[in-house]
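Student: I have a new model open and would like to talk it through with you. Could we take it a piece at a time?

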Amino acid sequence: MGTIGKLATGVAESLKGQPLALALVVINLLFLIGIAFMLREIAQAVERKDALLAEIASHCLK
């Protein structure tokens, strides 16, 4: 097991005795995952908008 594996195991073992800390870690992770998902969706929406505007502009310049 590598250093990161040992660190993860140590953190998990220490959090087992502290359920409040574990709950806070889980909530923070869920929050960060939600923000990452939201940013990905926003980036995809901007890409779709840019493609649509480029298509409209190409029709106007004909």
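Student: Does Lys16 count as buried, partly exposed or exposed in this model?

Tutor: Keep in mind that this is a predicted model. The relative accessibility of Lys16 is 61%, and the cut-off for exposed is over 50%. Lys16 therefore counts as exposed.

Student: Which residue forms a salt bridge with Lys16?

Tutor: Look within helix α1 (residues 3-16), where the partner lies 3 residues from Lys16, so about one helical turn separates the two. The closest N and O atoms of the pair are 3.3 Å apart, inside the 4 Å limit for a salt bridge. The partner is itself partly exposed, with a relative accessible area of 47%. The residue you want is Glu13.

Student: How many salt bridges does the structure hold?

Tutor: Happily, we can go through them one by one. Lys16 pairs with Glu13, and Glu41 pairs with Arg40 at 3.5 Å between the closest N and O atoms. The side chains of Asp50 and Lys49 also meet, at 3.6 Å from N to O. For the structure, the number of salt bridges is 3.

Student: Are Asp50 and Lys49 buried, partly exposed or exposed?

Tutor: Asp50 has a relative accessibility of 41%, while Lys49 has 45%. Partly exposed covers the range between under 20% and over 50%. Both values fall there, so Asp50 and Lys49 count as partly exposed.

Student: What is the area of the nonpolar surface patch that includes Val25?

Tutor: Val25 sits in helix α2 (residues 19-60) and is partly exposed, with a relative accessible area of 35%. A patch residue needs over 30%, so Val25 at 35% can take part. Its partners in the patch include Leu22, Val26 and Phe31. The patch has an area of about 760 Å².

Student: What share of the 62 residues is buried?

Tutor: Start with the overall form: the chain has 2 helices and 0 strands. Its C-alpha atoms fill a box of roughly 70 × 30 × 5 Å along the principal axes. Buried here means under 20% relative accessible area. Of the 62 residues, the buried share is 2%.

Student: What radius of gyration does the protein chain have?

Tutor: A good reference is a compact globule of 62 residues, which would be near 11 Å. The chain does not match that reference, and its value is 22 Å.

How values were computed:
Residues are numbered from 1 along each chain as its sequence is written. This is a predicted model: local features need pLDDT of at least 70, side-chain atom pairs count only at pLDDT 80 or more; totals for chains, interfaces and linings use all residues. Side-chain values use heavy atoms; hydrogens and water are left out. Patches are made of residues with over 30% relative accessible area and no salt bridge: like charges are joined within 9 Å, nonpolar side chains (Val, Leu, Ile, Met, Phe, Trp, Tyr) within 5 Å. Accessible areas come from the Shrake-Rupley method with a 1.4 Å probe; for residues, only the protein chains shown count as cover. Helices (H or I, at least four residues) and strands (E, at least two) are DSSP runs, numbered from the N terminus. Buried means under 20% relative accessible area, exposed over 50%, partly exposed in between (1.4 Å probe, protein chains only). The radius of gyration is taken over C-alpha atoms; the globule rule is 2.2 Å times the number of residues to the power 0.38.
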